[in-house]
Amino acid sequence: MSEMFHSLWQNGIIQTGIWETIYMTFISTLVSYAIGLPMGIMLSVTDKDGICPILWLNRIVGFIVNIFRSIPFIILMVAFLPVAKLIVGTSLGNRAMVVVLIIAAAPYVARMVESSIKEVDKGIIEAAQAMGTSTPKIILKVLIPEAKPSLIIGSVISMVTILSYSAMAGSIGGGGLGKIAISYGYQRYNDDITWFCVVITIIIVQIIQEFGGFLAHKTDKRIV
């Protein structure tokens, strides 16, 4: 390893970068799901084949989701920095990047949730409706529990996507491994630092995927 790498390690910059990446990824995922989960459920439930079809509402929410999903993240990131500044008081640093990550990820999460909910066996839903179960109870007691394994897999995919977004955030003032790879690796021709960030990112992704797969396996009722 180069002298630059040892200097960064001794000064705690690399350790801080790893922590910042994990922090931005997990906080952004949690808030994105707090927003995207109800939106995804709404998209599924109000669809023409849903349990409570409301086409005008479905089209409005779907239109909003599609707008944000159609914008490449690097462009969305730059465009919404003023929004981040309005919310957290700055357009630089991890707080601002978390806001932008949430704006980018929430519509993506909504579509993932919608897809998971639509995978639920219609026979189970029809049985619940035949027993006179209300729509809110069907959502809470049938749709979400039955879709849980798929929702967990979707959350893993979303988290990995957010992790990749956080690396790009390093190019315009965000912290984390992305900033280290760009500022200390690429721009200063230290390939060992760049590849170290690549390896650490791969390790984080593998941990997320293994843990998510374990949870999905444990919650899947179809596995005997």
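**Helix packing and the largest pocket in an all-helix chain**

In this predicted model, helix 8 and helix 10 pack with their axes 8 Å apart and at an angle of about 170°. Because angles over 145 degrees count as roughly antiparallel, helix 8 and helix 10 are therefore described as roughly antiparallel to each other. On the side of helix 8, the contact is formed by Lys148, Pro149, Ile152, Ile153, Val156, Met159, Val160 and Leu163, and these residues meet Thr201, Ile204, Val205, Ile208, Gln209, Gly212, Leu215, Ala216 and Thr219 in helix 10. When the residues of this contact are sorted by class, twelve are nonpolar, four are polar and one is charged.

Helix 10 also takes part in a contact with helix 1, which spans residues 3–10. The axes of helix 1 and helix 10 come within 8 Å and cross at roughly 50°, which makes helix 1 oblique to helix 10. In this contact, Met4, Phe5, Leu8 and Trp9 of helix 1 meet Asp192, Ile193 and Phe196 of helix 10. The residues of the contact between helix 1 and helix 10 comprise six nonpolar, no polar and one charged.

The setting for these contacts is a protein chain with ten helices and zero strands, so that, in the notation used for such elements, the order from the N terminus on reads α-α-α-α-α-α-α-α-α-α. Taken along the principal axes, the C-alpha atoms of the protein chain fill a box of roughly 70 × 45 × 25 Å. Of the 224 residues in the protein chain, 43% are buried. Among contacts between residues at least 6 apart in sequence, 70% join residues that are at least 24 apart.

The largest pocket of the model has a volume of about 420 Å³. Two or more residues of the lining of this pocket come from each of helix 2 (13–45), helix 8 (135–169) and helix 10 (191–219). The lining consists of 17 residues, and those that lie nearest the centre of the pocket are Thr29, Ile152, Ser155, Val156 and Met159. Ile152, Val156 and Met159 are also among the residues of helix 8 that meet helix 10. By class, the lining of the largest pocket has 14 nonpolar, three polar and no charged residues.

Two residues of helix 3 were also examined. Val61 has its place in helix 3, which covers residues 55–69, and, because buried means under 20% relative accessible area, Val61 at 11% relative accessibility counts as buried. When residues up to four places away in sequence are not counted, Val61 touches Met39, Met42 and Leu43. The C-alpha atoms of Val61 and Pro107 are separated by 9.7 Å, although the two residues are 46 residues apart along the chain.

Asn58 likewise lies in helix 3, and with a relative accessible area of 13% Asn58 is buried. Leaving aside its neighbours within four places in sequence, Asn58 is in contact with Met42, Leu43, Thr46 and Asp47. Met42 and Leu43 therefore appear in the contacts of Asn58 and also in those of Val61, where contact means heavy atoms within 4.5 Å.

Conventions. Residues numbered from 1 in each chain as written. Predicted model: local features only at pLDDT ≥ 70, side-chain atom pairs only at ≥ 80, totals over all residues. Heavy atoms only, no water. 1 Å grid on protein atoms, 1.4 Å probe; cavity = no way out; pocket = protein on both sides within 12 Å on 5 of 7 lines; lining within 4 Å. Points joined across faces, edges and corners; volume = space filled by probe spheres on them. Helix = DSSP H or I, 4+ residues; strand = E, 2+ residues; numbered from the N terminus. Nonpolar A, V, L, I, M, F, W, Y, C, P; charged D, E, K, R; others polar. Axes fitted to C-alpha atoms, helices over the stretch in contact; angles between N-to-C directions. Parallel < 35°, antiparallel > 145°, perpendicular 65-115°, else oblique. Buried < 20%, exposed > 50% of the residue type's maximum accessible area, 1.4 Å probe, protein only.
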